[in-house]
Amino acid sequence: MRVFRFLVALLLTILLVWQLHSPQQLGTSRIPALGDFFNPFTGFWQNAEPADITGILNGPLSIPGLKQPVQVVYDDLKVPHIFAENLADAIMAQGYVTAQNRLWQMDISTRQTSGRLSEVLGARTLHLDKLARRRGLLFAAENDWKAWQTSPETALYMEAYAAGVNAWIDQLTPADYPLEFKLLGYAPEPWSPLKTALVVESMIDALNKRDNDLAATNSLAVFGRDTFNYLYPLWNPRQQPIVPDTGQWKGLNVSLPEMSAQLPATTQRDTGIPDMSLPSAFRDFYGSNNWAVSGARTRSGYPILANDTHLPLKLPHVWFQQQLHTPERNCYGVVVPGVPGIAIGFNEEIAWGFTNVSQEVVDWYLIDWTDQTRTAYRIDGAPQQADLRVERIAVKGQPDVLDTVRYTIWGPVVYDDPEHPLYNCAYRYVTHDAPTPESLGQFLNIGRAKTYTDYRNAIPGLDCLAQNVAFASHSGDIAITVEGKFPVRAREQGRFILDGSQSANAWHGFVPQEDLPALLNPSRGFVFSANQHSTPPSYPYFYLGNFDDNRGRRIFNRLEHMQGVTADSMKSIQLDNYNQLAADALPIMLQLLDRTALEAADQEWLKALDAWKYEYKKDLIAPSLFEMWFQDTYLLTWDEQEAFRQQKIDVLFPEGWRFIELLTKDTTSVFFDRRDTPERETARNIVTQAFREMSQKAREKGQEALTWSVFKGFAIRHLTSQAAFSRLGLQTSGSRNTPNAIGQDHGPSFRMVVELTQPVKAWGVYPGGQSGNPGSAYYDNMIDTWVEGNYFELLLLERPDAIPDNRLLVRQTLLPK
């Protein structure tokens, strides 16, 4: 009996130990191995960081591959100021300190882009991994690194960065692993230049992947050419383009035949309608604002540059701040963890900033397969074999999955589901093309630029990352360039799905660098961009895209009327909560509203809207009322499009500016007539019905729930969506259509203002912290400052001992090993 009890106890102990050291399924969630996670020596307890971190970072460290010692000075925001004797050492140190703070974020970003999430998350992310592989993101990164290796300078810097990251990884023990590795039950793996290429591709894809080809093709088939042209014009006549026509394109002749839709609609039901089919006024926008004001308009007499990039807001934060100092350069700014250099920032002579260009660089081509195996296709009548790339996807706890992706001359065939409307279409994506070998190294040179010429020589290194790059210099120049790799298209080419059986439907090369829109020292005294059209229609090269119609007009109006500009003036524009769309729409809607049809209970809402000045302030109810009223008016009008959307057929919705134009100029348009009523409605009927529906919703919500900050809701969530690692219920002003473009989980990811005096002065803030560790005081310490609309002074140090005592956190020395 004693032996029996011993064996039972032993069996139970073994089962308990197994369970504690094995991940467990809890409902739909998978929890980590609790024994490992709660281990006091190696578990999450080890990630609690003391308030005083000098003991963690202080003292010399040996780094293999360094040529000379590197000094790192951390300021009170935990921003590393890196002082090195050469650029390769600076970049190696940058890799080291970035990994020290953001290693898991770097790892998970590359897994998402390369289609390797399932290795650590299991089968629940297999569909995401397949889509990433099928869209050719890993293929694109492989092409990047192949090209960069042929440039000795670029390869040197890429290898140096990877060596720095690996120097940090190599000295980690399981107790030191970032918390998320322990939570998900896996270990860091070595960094490589390919992983840096994957981070670059992740950013390119986030900003450049949009297209409306399927929705436009369906819309043309459903509505016909005349109605299509009526509903979906490409140019908003009320906007201010980034680069106006000053006669600079006279004599530039781009003669290509017009290419209209060649294919019938693929109005199959989709598995899900993409958000991009909705107009930009109704969705969170991967946009940004930037501008530069000449010294003739500023109080100091020197130019001022401002930039705020609008991105999804997550923790750890998308940007990492740092300073890089070598004998040839001294620059400060932000970069995406995993990439060397400074992306957005300034040095002692110049400042630069980005906004997304928003032009389409994606097209879909219908493939003419020779048979149902889809292994060969016809081009100009001749058969051509598809390249079959077998993707092996590792899945945690399961056998590997093999997925065969067909590559054509146009690109990969993304969808393998016969029910998907793009099943027989190939994906032409500019980022699949190899970059110029020196591109990454070329852009690194912006950190040491001193003049306009230096800036123009550096920015072609952005290659496929299409950006409006604003510039200002101490010498007095201001400029903006629409930089990127843009297809030369025939008119209308790429607006619809193209016939992939004809080689004549290929792009006609890329717009030459000298023909890209650019503006230097305009007489008006400022340059600006807010994701609006790059140019007016007189620009000879045809392009299309997803452009913002509201923020740019407000920013232009603010800048046009400013004199004696200061840094505080620039901050006030970044924090501007005025909604140009509301200013255009609300007066028209109030004019059309049949007030005699309203009830007494509606008057409270009407009074609030009558008095409103179009400001999206967090404590007002009018913004919430307008949003509900405008959206209801919009959807009641476009019931035809909504009916297709409910059937999972992707069609375009008219842009917000075009809808307001119809409310103003064509109130009896047939589109205001409801399909589900026998009466013939006009704009007046629709606006009034929408107001009554809005009023009912408002009464149901109650006054407190209608205050804008509560109605909108805003949170900054951890990448795993774990609430304990997130900041929820933040109270903010602004909206996606105001210069202070804060949506529900998008917003200004880095506000920066730089005054090009000497010494240069700069201020900035982002909604996060330098550390990726939820147990660190520097994980989210800038969020409250950002929410309140305040800024930190950004320190560009001349030497390691120049930091003020009240800003010094700790010093660290990295030594050659």
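**Stop 1: the three-stranded sheet**

Select strands S18, S13 and S21 of this predicted model. These 3 strands form an open sheet, in the order S18-S13-S21, and the pairing is mixed. At the edges are S18 (425-429) and S21 (498-499), each of which pairs on one side only. Now keep S13 (residues 362-366) and S21 on display: the two run parallel and are joined by 2 bridges. To see where they meet, pick tyrosine 365, whose bridge partner in S21 is leucine 498.

**Stop 2: the six-stranded sheet**

Next, select S23, S6, S7, S25, S26 and S27. Taken in the order S23-S6-S7-S25-S26-S27, these 6 strands make an open sheet with antiparallel pairing. Strand S23 (526-529) and strand S27 (792-793) each have a single partner strand, so one side of each is left without a neighbour in the sheet.

Inside this sheet, show S7 (residues 304-312) together with S25 (residues 746-755). They run antiparallel, with 9 bridges between them. Proline 312 is a useful residue to label here; its bridge partner in S25 is histidine 746.

**Stop 3: serine 749**

Stay on strand S25 and select serine 749, which lies in it. Is serine 749 buried or exposed? Its relative accessibility is 0%, so serine 749 counts as buried. Add the side chain of tryptophan 319: a polar contact of 2.9 Å joins it to the side chain of serine 749.

Then bring up the surroundings of serine 749, leaving aside neighbours within four places in sequence. The residues in contact with serine 749 are Thr309, His310, Leu311, Leu313, His317, Val318, Trp319, Tyr766 and Pro767. Of these, Trp319 is the residue already on display as the partner in the polar contact.

**Stop 4: strand S12 and its partners**

Move to strand S12 (residues 350-356). Here 7 of the 7 residues are buried. In a regular strand, side chains alternate between the two faces of the sheet. Colour the two faces of S12 separately: one carries Ile350, Trp352, Phe354 and Asn356, the other Ala351, Gly353 and Thr355, and all are buried.

Which strands pair with S12? One of them is S11 (residues 344-347), which runs antiparallel to S12 and is joined to it by 2 bridges. The link from S11 to S12 is a hairpin of 2 residues. Label phenylalanine 346 and alanine 351, which stand opposite each other, the latter in S12. S19 (residues 467-473) is another partner, also antiparallel, with 7 bridges to S12. In that pairing, isoleucine 350 has serine 473 of S19 as its bridge partner.

**Stop 5: helix H17**

Leave the strands and select helix H17 (603-611). Show the side chains of Trp605, Leu606, Ala608 and Leu609, which are buried. They cover an arc of only 160 degrees around the axis, which puts them on the same side of H17. What lies against that side? The buried residues of H17 pack against helix H16 (580-592), H18, helix H21 (683-701) and helix H22 (703-706). Turn the view to the face directed away from the buried side to find Lys607 and Ala611, both exposed.

**Stop 6: lysine 613**

Follow the chain out of H17 to lysine 613, in the loop between H17 and helix H18 (622-637). Lysine 613 has a relative accessible area of 62%; because this is over the 50% cut-off, the residue is exposed. Draw a distance from the C-alpha atom of lysine 613 to that of asparagine 579: the separation is 9.2 Å, although the two are 34 residues apart along the chain.

**Stop 7: two cysteines**

Select cysteine 331 and cysteine 464. Cysteine 331 is buried, with a relative accessible area of 2%, and cysteine 464 is also buried, at 4%. How many disulfides does the structure hold? The count is 0.

**Last view: the whole chain**

Zoom out to the full model. The chain has 24 helices and 28 strands, and 60% of its 817 residues count as buried. Among contacts with a separation of 6 or more, 72% involve residues 24 or more positions apart. With the surface switched on, the accessible area of the chain is about 31700 Å², and carbon and sulfur atoms make up 52% of it.

How values were computed
Residues numbered from 1 in each chain as written. Predicted model: local features only at pLDDT ≥ 70, side-chain atom pairs only at ≥ 80, totals over all residues. Heavy atoms only, no water. Pairing = 2+ DSSP bridges. Helix = DSSP H or I, 4+ residues; strand = E, 2+ residues; numbered from the N terminus. Buried < 20%, exposed > 50% of the residue type's maximum accessible area, 1.4 Å probe, protein only. Contact = heavy atoms within 4.5 Å. Areas by Shrake-Rupley, 256 points an atom, 1.4 Å probe, with all protein chains shown as cover. Arc of directions from axis to C-beta. Disulfide = S-S within 2.5 Å. Polar contact = N/O pair within 3.5 Å; in protein donor to acceptor, adjacent residues only side chain to side chain.
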